Amino acid sequence: MNRKLGVYICHCGGNISDYVDVEKVKAAVEHDEGVFLARTTMFACSDATQKEMVEDINANQLDGIVVASCSPKLHLTTFRAVAERAGLNKYNYVHANIREQVSWAHSDNKTGATEKAIHLVKSAIARVRLAESLDPITIPSRKAVAVIGAGISGMRAAIELADMGCPVTLIEREHFVGGRVAQWDLLFTTDQTGKELVTRLYDDIAKRSNIRLLTGAEVIENTGNIGDFTLKVKVTPRYINERCDEGNLQRAIDACPVEVPDDFNFNITTRKAIYHNFPSEYPQYPVIDIKNCTRCGECEKVCGSIDFSQQEKTVEVKAGSVLMATGFDPYNPSEGEFGYLQFDNVVTLPQFKRIIDMCEEKLTFRGKDIHNIAYIYCVGSRQVEAGASSAGGSATDRYEEASRDISGENRYCSRYCCTSVIHSAIETKKRFRAVNNYHFTRGIRTYGKQELLYNESLKMGDIYLQSYENDPPSVIRENGKTTVRINDIMTAGKEISVNADLIVLVTGMVPRSDNRIASLFKLPKGRDNFFNEIHMKLRPVETVIDGVTICGACQGPKNITESVNSSLSAATKSFSYVSKGELELEPIIARVDAALCTWCGKCMEACPFDAVKKVVDGGKEIAAINNSVCKGCGMCLPVCPVNAIDLVAYSDQEMETMINALAEDIK
Amino acid sequence: MAEKIFKDSFDALVIGGGIAGGEAALNLANNGFRVILVEKDLSIGGKMIHLSKVFPTLDCSACITTPKVSEISRHPSITILTGSEVKKIVKRGKNDFEAMVIKHPRYVREEDCTGCQLCEQACPVVVNDQYQYDMVGRKAAYIPFSIASPRVAAIDIENCTLCGACEKACPTKCIDFTQEATEYQLSLRSVIIATGFNLFDPLKIERFGYGKMKNVITSMQMERLLAPTRPYNTVLRPGDGKMPCRLAYVLCTGSRDITVGNPICSQICCMYSIKQAQLLMGALPMADVTIYYINIRSFGKGFEEFYDQAKGMGVNFVKGKIGMISEKEDGDLILRYEDINDNVVKEASHDMVILSVGVVSNPDNAAFFDSGQLRLDPFEFVCQTDLLASPARTSIGGVFVAGTASGPMDIPDSILSAGAASSEAMSYIIRK
């Protein structure tokens, strides 16, 4: 085929041209078959260069272009758009990556880098000679979004989507909404409480007819794909009729003989098997915890609203996009870590927040008055490699030292804890008299305006100490008294001890331990084990699973404001998938040659996206590709014994000609 | 006064064409809304387009900004006014704002300029290049910077001698000294404020010697020295062109400092300094880099790991505040500081000092609305009136805030904040 091609080789500032002789690359390819013009450019992605390309294509009637620049991950769509603006089918543009694959990888060998760049560009030219015009695959997209998780992020996203005119199903695993925020009474930098905030959002949800809220609901199956997801949701009943008499319910709660640890209060208190987390919680009627219920029938005797005949049911939810807002777990210290579960006056930050919420006039814990509080920072965050920290932990009859091992997997900083604990300490001091706060820190991180809280706490007389790296404070129990001891940086290494009535471990955020939802959606995780976005700056709420967005603390530690910012961003993104009623998908997918296929099933086994199905075509069993699920990854190609599958735009012929170009002149 | 008056209506006015404003405009436009983006500067792209690489991924900043910028500039639903200022906005009612915008004359017809730079070559006037933070010169007829959008010339009329050389050199005759300001009267349904931040002016801390000692530079100047479109094509100290080998960073310059009226933390300086230190270790393999800090605040996703990586590469972290900087005859600098670890006052000699300047508010925000309508916080950032549930809301319904106009934040947070602002603006417009 006679082609008229344009080739553009980018300097990328100096990112490429510092290591690759771009002029030499141009000279080496400009006489290749079909190449009509070859140019070098400072930034191929800049507006001016893009305009030039459009002009070149139009003026010279080019029918194919090659851009040699950075990774196509960054600019594939940029240059496809250039082709389209010039009236050229976008699949007549082929990309060569000479930055990530050349200049950055071979900065130690400029001659070799230039050689490699020449071959990569030549192979791209070889491929574009065979390029064909393709049309995108258009699929319908259902105007509905499933939001998973009704914490602050999920609730906020649901409201926003509803206001954009998009029906929402909000799926919450717990029987009550509000997630972690409902558990936090005091919220920093405003005077609102968690309960107030959740109540407000719940009211907003209740007002909107296009939000369906499912509580006690867990996604158990996910089929389909972008534009058309089908979720199976298991809904556990409350075993209480909706129109119930509240007075009787309280009597039913009183009558229940079962006591189990109360998750809502992080197990520092107990609750009954019929319970609500706090009065006026939403939805506003209690639930029977059927796992712990002994069916003794005491509740039924005093309350007519109880209904054990209610059945678990499975609900089908259909949506064009799924928004994940599944939140985080607080770090759970291991037994003995800074005395946790070893000494009875060691609690975590979430437990401490519940304690101050539950105390009224005096601050007490387990019946004892609290005056001196020691806060040990970064428990479960900024952990070090095993062996890098002192393990501690020794005991005699009357002396016991807790483990101060800070090794673990969580290298990251949980970002919210410094501010959260300082805010809690300030509020504690304001609310209860005669409280002294001692902060055992690893350097305070009250970033931005949160610094004002740190200043306020200093003014109130809180004492701040800082440990050396790898020398965390020790917690010692001696003669019934608990002491926290530190070698303090702020006083040039002085050993300082504080007798503490209560020790608060400032625990960070960790990914949810129950990870079933991630496996259902095949969501990738980052090295911190939180869900991973595609690109932190360019596509911060999108995942590699098309149509699934992420927001809030399931993506990484965040405070409330940050969570809501990401949740609204994700709402916009999910909305854009469904708002038009249809979606255009990439046509670069696998293609089965029905004549050659003998159905052995190997391609179906190899497919990571469940895109291959067996169909009967003219009495013959063959493989069929689901166009809206296939991602064109090519996994099915090499396993086919009869070579019946080809990848559009990456056909065997195209690959072979690329390989020939790469091998040219190589002896 | 303005010669021409244009009237038009849009769904949203976005003030500021940095990364936050750009992202907000794109979100709105991609969902079918008509947007007008008003940028004070001659190019969109904000501060991000001038950065070297960005933490913690070390992506080349220009490479991830320019595709956004070109997407914005060619979007059929976005109208861009560069070199333009929003003078006044009045809210008439729900979904009903009126704004007056002045586009200052560029003295170049944008649509005819090809960016050939012949005017630049012809112009005899040389002044400081603000886009290289005064480290090199530019002409009075100039293209702002190589990856500017629009990449067209402008005449710096304050410094121009009206010699006419550029007019003669211009092949498309697009230079027009008779241009006057244009007034735009806009009716709008919502407003997004994305005016960004200013850098703290280090001249306010005399004891650091900025402006007097040539080898004391700001972090933004170092950003330029490290960027792909850098002025000297390598890292040199400005005093004598020597390649520096003992560099020091002074963190919290103008942040967490009551004496300069800014007690808050700027949120980005720790991380950009750590990033620059890593880049410097690559650019100057023999150099020692020391970072003087109060607390290292590496709090975001991947940040702590990035800090660990810098320590692993050999960046020297010293906990201590710098008291003062003095200059030796050879241009080297003596830093007097309190070493917190040892609890003694020490002195150290460096051959180049980088002041990690903080984030302060953009004073433009106060003037858009009649006095007091748009509430500002004590530091004159735009006040977020519903911080937890609707962080983009301001004291005026239908006016939203995106990015650093509401306070210090890094690029990922600015982009998410812009996502929130555009989302709220969309539902505000749709909700009626």
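Which residues make a nonpolar surface patch of about 260 Å²? The views below come from a predicted model.

**View 1. A nonpolar patch on the surface of chain A.** A:Tyr650, A:Met655 and A:Ile659 make this patch. Its area is about 260 Å². A:Met655 sits in helix α17 of chain A, which covers residues 652-663. The relative accessible area of A:Met655 is 34%. A:Met655 therefore counts as partly exposed.

**View 2. An arginine over the ring of A:Tyr650.** A:Tyr650, one of the patch residues, also has a charged partner. A:Arg127 lies over the face of its ring. The distance to the ring centre is 4.1 Å.

**View 3. An arginine over a ring in chain B.** Here B:Arg207 lies over the face of B:Phe208. The distance to the ring centre is 5.0 Å.

**View 4. An edge-to-face aromatic pair in chain A.** Over all chains, the structure holds 17 aromatic pairs. One of them joins A:Phe352 and A:Tyr375. Their ring centres are 5.7 Å apart. Their planes meet at 75°, an edge-to-face arrangement. The pair links distant parts of the chain, with the two positions 23 residues apart in numbering. A:Phe352 belongs to helix α11 (residues 349-358). A:Tyr375 belongs to strand β21 (residues 372-379). Are these two residues buried or exposed? Both A:Phe352 and A:Tyr375 are buried.

**View 5. An aromatic cluster with members from chains A and B.** Chain A contributes A:Tyr447. Chain B contributes B:Phe55, B:Phe299 and B:Phe303. Together, these residues form one aromatic cluster.

Methods:
Residues numbered from 1 in each chain as written. Chains lettered and ligands numbered in written order. Predicted model: local features only at pLDDT ≥ 70, side-chain atom pairs only at ≥ 80, totals over all residues. Heavy atoms only, no water. Phe/Tyr/Trp six-rings, centres within 6.5 Å; stacked < 30°, edge-to-face > 60°. Helix = DSSP H or I, 4+ residues; strand = E, 2+ residues; numbered from the N terminus. Buried < 20%, exposed > 50% of the residue type's maximum accessible area, 1.4 Å probe, protein only. Lys NZ or Arg CZ within 6 Å of the ring centre and 35° of its normal. Patch = residues over 30% accessible without salt bridge, like charges linked within 9 Å, V, L, I, M, F, W, Y side chains within 5 Å. Areas by Shrake-Rupley, 256 points an atom, 1.4 Å probe, with all protein chains shown as cover. Salt bridge = Lys/Arg side-chain N within 4 Å of Asp/Glu carboxyl O.
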